[in-house]
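Biologist: Hi! Could you walk me through this model before I head back to the bench? I'd like to begin with what the burial words mean.

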Amino acid sequence: MTDETCAPDNLPRYEIRQEPRGGWTIVDTLTSLPAATDGRDFVGLSKRDAEDIARELNLSAAEGRDPLI
């Protein structure tokens with residue numbers, strides 16, 4: 001039995017998606033919701049900021065640390 005809510009091992013947990021109005025959102029692929037920390041969603045970012053933050057979140061997740069503490 002597999003858990004369909006989990007992202008496959010070869011895919012990043014966090015990815016960026018462009019918003020209709022041009023900003024960028026970091027999405028948690030496990031929940032399909034915007035990633036958030038400290039009550040703030042990672043939405044409306046510049047592409048570069050979204051890429052940088054998503055990269056750091058994915059590195060933390062790959063190391064087994066909860067990146068959103």
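Modeller: Happy to. A residue is called buried when its relative accessible area is under 20%, exposed when it is over 50%, and partly exposed in between. Ser32 counts as exposed because its relative accessibility is 51%, which is over 50%. Please keep in mind that this is a predicted model.

Biologist: Good to know. Where is Ser32 in the chain?

Modeller: Ser32 sits in the loop between β2 and β3, the latter being residues 33–34.

Biologist: And what is its phi?

Modeller: Phi of Ser32 is near 65°, a positive value in a residue other than glycine. The hairpin of β2 and β3 has four residues between its strands, and Ser32 is where that positive phi occurs.

Biologist: Which way do β2 and β3 run relative to each other, parallel or antiparallel?

Modeller: Antiparallel, with two bridges between them. Asp28 is set opposite Leu33 in β3.

Biologist: Let me step back. How many helices and strands are there?

Modeller: There are one helix and five strands. Going along the sequence, the order is β-β-β-β-β-α.

Biologist: What about β1 and β2, how are they joined?

Modeller: Strand β1 (residues 14–18) runs antiparallel to strand β2 (residues 24–28), and five bridges join them. Ile16 has Ile26 in β2 as its bridge partner, while Glu15 stands opposite Val27 in β2. Five residues lie between the strands of that hairpin, and Gly22 has a positive phi near 110° there.

Biologist: Is β2 mostly covered or mostly open?

Modeller: Mostly covered, since five of its five residues are buried, that is, under 20% relative accessible area.

Biologist: Which residues of β2 are on which side?

Modeller: Trp24, Ile26 and Asp28 are on one side, Thr25 and Val27 on the other, and all of these are buried, leaving both faces covered. As background, side chains in a regular strand alternate between the two faces of the sheet.

Biologist: Let's zoom in on Thr25. Why is it called buried?

Modeller: Thr25, which is in strand β2, is called buried because its relative accessible area is 9%, under the 20% limit. Its side chain makes a polar contact with the side chain of Glu19 at 2.4 Å.

Biologist: What else does Thr25 touch?

Modeller: Leaving out residues up to four places away in sequence, Thr25 touches Glu15, Ile16, Arg17, Glu19, Pro34, Phe42, Val43 and Gly44.

Biologist: Phe42 is on that list. What does Phe42 touch?

Modeller: With the same residues up to four places away left out, Phe42 touches Trp24, Thr25, Ile26, Ala35, Ala36, Thr37, Ile53, Leu57 and Leu68.

Biologist: Which residues make up the largest nonpolar core?

Modeller: That core has nine residues: Tyr14, Trp24, Ile26, Ala35, Phe42, Leu45, Ala50, Ala54 and Leu57. The elements giving two or more residues to this core are β2 and α1 (47–62). The largest share, three residues, comes from α1.

Biologist: Since we're on α1, is Glu51 in that helix buried, exposed or partly exposed?

Modeller: Glu51 lies in helix α1. It is partly exposed because its relative accessible area is 34%, in between the 20% and 50% cut-offs. The C-alpha atoms of Glu51 and Thr25 are separated by 9.6 Å, and these two residues are 26 apart along the chain.

Biologist: Back to odd backbone angles for a second. What about Asp38?

Modeller: Asp38 has phi near 55°, again a positive value in a residue other than glycine. Asp38 is found in the loop between β4 (36–37) and β5 (40–41). It counts as exposed because its relative accessibility is 80%.

Biologist: And the chain as a whole, how much of it is buried?

Modeller: Of the 69 residues, 26% count as buried. The chain exposes about 5,100 Å², with carbon and sulfur atoms supplying 49% of that.

Biologist: Last thing, what does the confidence look like?

Modeller: The chain averages a pLDDT of 86, and 84% of the residues score at least 70. Over residues 1–6 the pLDDT stays under 50, and the model has three contacts beyond four places in sequence for that stretch. Where pLDDT is low, the predicted coordinates should not be read in detail.

Biologist: Great, thanks for the tour!

Note on methods. Residues numbered from 1 in each chain as written. Heavy atoms only, no water. Pairing = 2+ DSSP bridges. Buried < 20%, exposed > 50% of the residue type's maximum accessible area, 1.4 Å probe, protein only. Areas by Shrake-Rupley, 256 points an atom, 1.4 Å probe, with all protein chains shown as cover. Core = buried A, V, L, I, M, F, W, Y, C linked by side-chain atoms within 4.5 Å. Contact = heavy atoms within 4.5 Å. Polar contact = N/O pair within 3.5 Å; in protein donor to acceptor, adjacent residues only side chain to side chain. pLDDT = per-residue confidence, 0-100.
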